[in-house]
Amino acid sequence: MSPETENTVNAASAWLPAPAENQVAARVTINDVARVAEVSVSTVSKVVNGRYGVSPATIARVHQVINELGYETSLVASSMRNSRTNIIGILVAEFEPFALELLNGISATLRGTKYDLMAYAGNLSPEGHIGWERRSLSRLGGTLIDGAIIVTPTVEIPHSSVPVVAIDPQAGTDMPITVDVDNSGGAQRATEHLLELGHRRIGHIRGREDLKSAHLREAGYRQALENAGIDFDEQLIQDGDYQHESAVAATERLLDLPQPPTAIFAANDISALAALSVAADRGLAVPGDLSIIGFDDIPAAAQSIPALSTVRQPLHEMGAHAVRLLLCLLDGEEASAPQQLPAVLVPRDTTAPPRAI
């Protein structure tokens, strides 16, 4: 460290007051940076915004003080000056395993770009899930974020103040730029897997009523039964809402039937894991007494005991693909039409032939 830099660091350290215990530090302002660096506020502004007219030595000194004091420019102020914040917003209804896996793929793809990531889950309205994405976009769009990736939007968003890409949209949404998986084909393959093992009475725990994915997965389940010549039984479908508690209740209803199913296809892994816990509480062996298969392949699926058979959504790839589409939009380029990625069967330890065929 040069003597000049060392003196600047010492000056910054000396200027900072010792924080009292449990005291929240005051926000560092541009005036504080200018005072410690012994330059004008306009000079600090030029350095922060990359403008000309400042010597390399002064730039180095200002950056040293900025790092020492922890100064951060306001995203809103930056947006007003440049019409850009270089922030991409990831909007979710809630931080559940599906959304978190997508976030991993999104953040990995943004690494090395000029964009930072803001993950945002707005409070749900008293009415529940419907419309949460519009409220989130109205708060963030145009001031805090340059573009948005919305996970499982539930309403139409034909117009927005920023470019938008949707992942797993609800039926009827007017969003031309989407990333999705083959929900129907994946569900059909999951049900066919159970049929190939010899199961004929197969229950289904359906997903959220307002999401297209739930309807497509039920359609795939029904199609597999029809192709196998098995009559559809309405009692074998129960609402699980993609939630653990609802799926527990759905599993209880299925297992309480006079003729309970020998296998269950759950619309997501959270519901399948809930079914697995109900089976354990009832003393049922999985897969000996009951086979269970899910959908998504979240990390908990492979970590469960026994390991959960499922249908894999390429969640990392879906997140990465959404980022690439959004970056095209932000660069003013044409983004491709809706993208549908394949769903892949992953048989593990919770599916096997029934005890009596």
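Strand E1 is covered on both faces: Ile87, Gly89 and Leu91 are buried on one side, and Ile88, Ile90 and Val92 are buried on the other. Put as a count, six of the six residues of E1 (residues 87-92) are buried. In a regular strand, side chains alternate between the two faces of the sheet. All of this comes from a predicted model.

The setting of E1 is an open sheet of six strands, ordered E2-E1-E3-E4-E5-E11 and paired in parallel. At the edges stand E2 and strand E11 (339-341), each with a single partner strand, so one side of each has no neighbour in the sheet. Averaged over this sheet, and with direction ignored, neighbouring strands are turned by 20° against each other. E1 and strand E2 (residues 116-121) run parallel and are joined by six bridges; Val92, for one, has Ala121 of E2 as its bridge partner. Further along, E4 and strand E5 (residues 178-181) are also parallel, here with two bridges, and Ala166 is partnered with Thr178 in E5.

Helices pack on this sheet too. Helix H6 (residues 97-110) touches E1, E2, E3 and E4, and its direction makes about 165° with that of E2. Helix H13 (residues 315-330) lies across E1, E3, E4, E5 and E11, running at about 165° to E4. Then there is helix H7 (residues 132-140), whose buried residues are Trp132, Glu133, Ser136, Leu137 and Leu140. Seen down the axis of H7, these fall within an arc of 125°, so they line one face of the helix. An α-helix has 3.6 residues a turn, so residues three or four places apart point the same way. As for what that face of H7 meets, its buried residues pack against E1, E2, strand E3 (147-151) and strand E4 (164-167).

A further open sheet has four strands in the order E7-E6-E8-E9, again with parallel pairing. Its edge strands are strand E7 (237-239) and strand E9 (291-293), each of which pairs on one side only. Neighbouring strands here are turned by 20° against each other on average, direction ignored. Strand E6 (residues 202-206) pairs with E7 in the parallel sense over three bridges, and the partner of Ile205 in E7 is Gln238. Helix H9 (residues 212-227) packs on this sheet, where it touches E6, E7 and E8, and its direction makes about 165° with that of E6. Helix H8 (residues 183-196) lies across E6, strand E8 (263-266) and E9, running at about 170° to E8.

Away from the sheets, helix H3 (residues 41-48) has Thr43, Val44 and Val47 as its buried residues. These cover an arc of only 100° around the axis, which puts them on the same side of H3. Their cover includes helix H2 (30-37) and helix H4 (56-69). H2 itself holds Arg35. Is Arg35 buried or exposed? With a relative accessible area of 51%, Arg35 is exposed, because the cut-off for that label is over 50%. Its C-alpha atom is 9.8 Å from that of Val65, a residue 30 positions away along the chain.

Ser304 sits in the loop between helix H12 (299-303) and strand E10 (310-312). Despite the loop position, Ser304 counts as buried, because its relative accessibility of 14% falls under the 20% cut-off. A polar atom of the Ser304 side chain lies 3.2 Å from the backbone nitrogen of Leu308. With neighbours within four places in sequence left aside, Ser304 is in contact with Leu273 and Leu276.

Taken as a whole, the chain has 13 helices and twelve strands. Of its 357 residues, 49% count as buried. Among contacts with a separation of 6 or more, 69% come from residues 24 or more positions apart. The chain exposes about 17000 Å², and carbon and sulfur atoms supply 51% of that area.

Terms used: Residues are numbered from 1 along each chain as its sequence is written. This is a predicted model: local features need pLDDT of at least 70, side-chain atom pairs count only at pLDDT 80 or more; totals for chains, interfaces and linings use all residues. Side-chain values use heavy atoms; hydrogens and water are left out. Buried means under 20% relative accessible area, exposed over 50%, partly exposed in between (1.4 Å probe, protein chains only). Contact means heavy atoms within 4.5 Å. Accessible areas come from the Shrake-Rupley method with a 1.4 Å probe; for residues, only the protein chains shown count as cover. The arc is that of the directions from the helix axis to the C-beta atoms. Two strands pair if DSSP finds at least two bridges between them. Axes are lines fitted to C-alpha atoms, for helices over the stretch in contact, and angles run from 0 to 180 degrees between N-to-C directions. A polar contact is a pair of N or O atoms within 3.5 Å; within protein, one must be able to donate a hydrogen and the other to accept it, and residues adjacent in sequence count only if both atoms are side-chain atoms.
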